[in-house]
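Biologist: Could you walk me through this model, one question at a time?

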Amino acid sequence: MEINKRIKYEKELDDSFWRWIVSTPGGENVEQCIQCGMCSGSCPLSIYMDYTPRRLIAMIKAGFKDEVLKSFTIWLCSSCYTCTIQCPMNIKVTDLMYILKQKAIENKKYPKRFPISVLSKEFFNMVSKKGRNTEINLVFKLLLKTNPLKFFGMASLGLKLIKTGRMNFKSDAIKNIKQLKTILNSIEE
Amino acid sequence: MEYNYYPGCSVKGTGKHYEESLINTLKELNIELNEIEDWNCCGATTYMSINELKAFALAARNLSLAEKNNKSDLITPCSACYLVLKKADDYIKKYDQIGKKILDALKSAGMEYNGKVKVKHPLELLTNDSMIEDIKKRVKKPLNGWKVFCYYGCQIVRPYPDFDDPRYPMSLDNIMNALGAEVVDHPFKTRCCGGSLTGTIEDVGLRLNYILLYEAQVRGANCVTTVCPLCQFNLECYQSKINKQYKSSFSIPVLYFSQIMGIAFGLPREKLGLNRSIISLKTLLEVA
């Protein structure tokens, strides 16, 4: 059994984290949180999360940067924006999750081989390269990189989609891909 | 009326029957949709998780293409596209640092965006009273015996509740009523279907859809109607998996609102993509 320290000393916390969030577009009102729990109570996915949205915000304010960025919570959020509508302090909780997801990727803190972050990266690469998303290619890549055995479970649905003409095998792309790449490269600079 | 039209990737693939039925049904109401040329993927919620600025840039290219056509309204049938295009427009205008970066990026590719585009969902075109009257006049086969479970999903009313209530919307209910169908009342109109979770963490995705289908069944609905390709896909295509997981016996047709409108307008089934349903529509169509 591995014995780890369960409680953090104050000096191990990162108090610049919430300041950075508050200064990021979409994160403005986070410091106003009154810990009422409307976000967690209304969230259809909070029962699956390692930290509920309310708790995540408390952790941000206290400076638990690493724990927040490594959490599954931010990836489980399906962007239904219920919390955002419910929050009495106008905190954009869903947009906060996007801020955290991007930071987690930037700091390489996201859970490896976790299907949601894998899907996001594959989708990102495909759209950046082609300008369009071809559903079947995306599914193939996702399963290959997470759980190839799942192909078998998908076969019967796949056949039904082929039969009803709802599956495109041709990879889709836009014509003026050069223009799109110029735009995306310019953002990087 | 003619409108700029942004289809999005889903209605060119697994949601083909949405586009087929939408274009043909709106034509009956003298609404013409003109697809903007060489549009690119909106980026959906997924692209934003990796790089928000680039996601806004993707969306901005589409907004710029639409603006060039000199028509301000841009109609998009997919809820994710609707949200992303709207959010990009909002952030470009609200935050100077984002706006500048995006507009500069467009300029580097010889494009511009002056903020004149209004992103709208087709439902928004059909909500006013005169349009509901028009719909009533067009009905050839009133949907007697149909009990419809109206499911709006999340992103067309949240976080931008521009044309309907973010918790208990009515626009779709009103259309179904106008077609002569009975609307099954329920409080789950905007409860999340899980989006892409069915493809990533299946157990979680299935549960969210099970809850919706269960509510439709116990309330006596004989079909579900949706306004989003992802909701439609989840609720219809995963029914057999849900049945296995939860020992349930769902066989509920899940139709786009535009398909149901087309049926009531008496349009032929090829024009509405009815042959693309995985769940049989036989019993439902016999009722009407």
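Modeller: Sure, and a definition comes first: helices (H or I, at least four residues) and strands (E, at least two) are DSSP runs, numbered from the N terminus. This is a predicted model, where local features need pLDDT of at least 70, side-chain atom pairs count only at pLDDT 80 or more, and totals for chains, interfaces and linings use all residues. Residues are numbered from 1 along each chain as its sequence is written, chains are lettered from A and ligands numbered from 1 in the order in which they are written, and side-chain values use heavy atoms, with hydrogens and water left out.

Biologist: Good. What pattern does chain A follow along the sequence?

Modeller: Chain A has eleven helices and zero strands. Read along the sequence, that gives α-α-α-α-α-α-α-α-α-α-α.

Biologist: What percentage of the residues of chain A count as buried?

Modeller: Buried means under 20% relative accessible area, exposed over 50%, and partly exposed in between (1.4 Å probe, protein chains only). The C-alpha trace of chain A spans about 55 × 45 × 35 Å along its principal axes. Of its 189 residues, the share that counts as buried is 50%.

Biologist: And how far apart are the mean positions of the positive and negative charges of chain A?

Modeller: Lys and Arg count as positive and Asp and Glu as negative, while His and the chain ends are not counted. Each charge is placed at NZ of Lys, CZ of Arg, CG of Asp or CD of Glu. Chain A has 31 positive and 17 negative charges, and their mean positions are separated by 10 Å.

Biologist: Is Asn90(A) buried or exposed?

Modeller: Asn90(A) sits in the loop between α6 (82-86) and α7 (93-106) of chain A. Its phi is positive, about 55 degrees, although it is not a glycine. With a relative accessible area of 55%, Asn90(A) is exposed.

Biologist: Where is Lys108(A) found?

Modeller: Lys108(A) is not a glycine, yet it has a positive phi of about 55 degrees. At 64% relative accessibility, Lys108(A) counts as exposed. Its place is the loop between α7 and α8 (115-130) of chain A.

Biologist: On to chain B. Which strands stand at the edges of the sheet with the order β2-β1-β3-β4?

Modeller: This is an open sheet of four strands in chain B, with parallel pairing; two strands pair if DSSP finds at least two bridges between them. An edge strand has a single partner, so one side of it is left without a neighbour in the sheet. Here the edge strands are β2 (32-35) and β4 (118-120) of chain B.

Biologist: What is the bridge partner of Asn4(B) in β3(B)?

Modeller: Strand β1 (residues 2-5) of chain B pairs with strand β3 (residues 73-75) of chain B in the parallel sense, over two bridges. In β3(B), Asn4(B) is matched with Leu74(B).

Biologist: Which strands of that sheet does α1(B) touch?

Modeller: Contact means heavy atoms within 4.5 Å. Axes are lines fitted to C-alpha atoms, for helices over the stretch in contact, and angles run from 0 to 180 degrees between N-to-C directions. The direction of α1(B) makes about 135 degrees with that of β2(B). Packing on the sheet, α1(B) touches β1 and β2 of chain B.

Biologist: Which residues does Ser21(B) touch, not counting residues up to four places away in sequence?

Modeller: Ser21(B) belongs to helix α1 (residues 16-28) of chain B. It counts as buried, at 0% relative accessibility. With residues up to four places away in sequence left out, it touches Ser258(B), Gln259(B), Lys271(B) and Leu272(B).

Biologist: What is the bridge partner of Cys150(B) in β7(B)?

Modeller: Chain B also has an open sheet of four strands with the order β6-β5-β7-β8 and parallel pairing. Three bridges join β5 (residues 147-150) to β7 (residues 223-226), both of chain B. In β7(B), the partner of Cys150(B) is Thr225(B).

Biologist: Which helix packs on this sheet, touching β7 and β8 of chain B?

Modeller: Its direction makes about 165 degrees with that of β8(B). The helix, residues 229-237 of chain B, is α11.

Biologist: What is the relative accessible area of Leu284(B)?

Modeller: Leu284(B) is in helix α14 (residues 282-287) of chain B. Not counting residues up to four places away in sequence, it touches Trp146(B), Asn222(B), Cys223(B), Pro253(B) and Leu255(B). Leu284(B) is buried, with a relative accessible area of 5%.

Biologist: Last one: which residues does the cis peptide bond with omega of about -5 degrees join?

Modeller: One partner lies in the loop between β5 and α8 (171-178) of chain B, and that is Pro159(B). The cis bond joins Arg158(B) and Pro159(B).
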